[in-house]
Amino acid sequence: MSEIPSCPQCQSSYAYEDRGLFVCPECGHEWSASDTAAPAEEGLVVKDSNGNLLQDGDTITVIKDLKVKGSSSVVKVGTKVKNIRLVEGDHDIDCKIDGIGPMKLKSEFVKKA
């Protein structure tokens, strides 16, 4: 028999299992077993060129001139980009750059501001 975890919201030890969900009788919070299986492995892990962890909403700075594919525009070194969004794939940052528009960037060409 598996041990029932404490409630993640109020830390109550009186949680019980009901139809595949864990329920806390003190605060009423319900959660599944998969929610407690790997709490350390949440979401996408993306690091900048210096190894700093990036998160959605961060501000970054471009560290290399980047040519915009299909255009004669260039994203210059030192360009600050606000409110980034992390995505899966080769280009792991979605953002909007002033004067250029929506872009996808690789995290190896940016640093956290």
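Where is the place of Gln 9 relative to β1 (16-18)? Gln 9 sits in the segment before that strand. Residues are numbered from 1 along each chain as its sequence is written, and side-chain values use heavy atoms, with hydrogens and water left out. This is a predicted model: local features need pLDDT of at least 70, side-chain atom pairs count only at pLDDT 80 or more, and totals for chains, interfaces and linings use all residues.

**Confidence and fold**

pLDDT is the predictor's confidence in each residue, from 0 to 100. Its mean over the protein chain is 87. A value of 70 or more is reached by 89% of the residues. Residues 37-41 stay under 50. For that stretch the model has zero contacts beyond four places in sequence. Contact means heavy atoms within 4.5 Å.

The protein chain holds one helix and 13 strands. Helices (H or I, at least four residues) and strands (E, at least two) are DSSP runs, numbered from the N terminus. The order is β-β-β-α-β-β-β-β-β-β-β-β-β-β. Of the contacts between residues at least 6 apart in sequence, 37% join residues at least 24 apart.

**Surface**

The protein chain exposes about 8000 Å², and carbon and sulfur atoms supply 46% of that area. Areas come from the Shrake-Rupley method with a 1.4 Å probe; for residues, only the protein chains shown count as cover. Buried residues make up 28% of the 113. Buried means under 20% relative accessible area, exposed over 50%, and partly exposed in between (1.4 Å probe, protein chains only).

| Residue | Place | Relative accessible area |
|---|---|---|
| Gln 9 | segment before β1 | 57%, exposed |
| Gln 11 | segment before β1 | 54%, exposed |
| Arg 19 | loop between β1 and β2 (21-23) | 78%, exposed |
| Asp 56 | loop between β5 (53-54) and β6 (60-62) | 53%, exposed |
| Asp 94 | strand β11 (residues 93-97) | 14%, buried |

**Residues in detail**

Leaving aside neighbours within four places in sequence, Gln 9 contacts Cys 27 and His 29. Gln 9 and Cys 27 are 18 residues apart in sequence, yet 7.9 Å apart in space, C-alpha to C-alpha.

Most residues other than glycine have a negative phi. Gln 11 has a positive one, near 65°. The phi of Arg 19 is also positive, near 50°.

What does Asp 56 touch, not counting residues up to four places away in sequence? Its partners are Ile 84, Arg 85 and Leu 86. Asp 56 and Ile 93 are 37 residues apart in sequence and 9.1 Å apart in space, C-alpha to C-alpha. With the same exclusion, Asp 94 touches Ile 84, Arg 85, Val 87, Met 103 and Lys 104.

**The largest pocket**

About 240 Å³ of space lies in the largest pocket. A pocket is an open set of points on a 1 Å grid over the protein atoms alone, where a 1.4 Å probe fits, with protein on both sides within 12 Å along at least five of seven lines; lining residues have an atom within 4 Å of a point. The volume is the space filled by probe spheres set on the points, which are joined across faces, edges and corners.

The lining consists of Leu 66, Lys 67, Val 68, Lys 69, His 91, Met 103, Lys 104, Leu 105, Lys 106 and Phe 109. Two or more residues come from each of β7 (66-67) and β12 (101-105). β12 gives the most, with three. By class, the lining has five nonpolar residues, one polar and four charged. Ala, Val, Leu, Ile, Met, Phe, Trp, Tyr, Cys and Pro count as nonpolar, Asp, Glu, Lys and Arg as charged, and the others, Gly among them, as polar.
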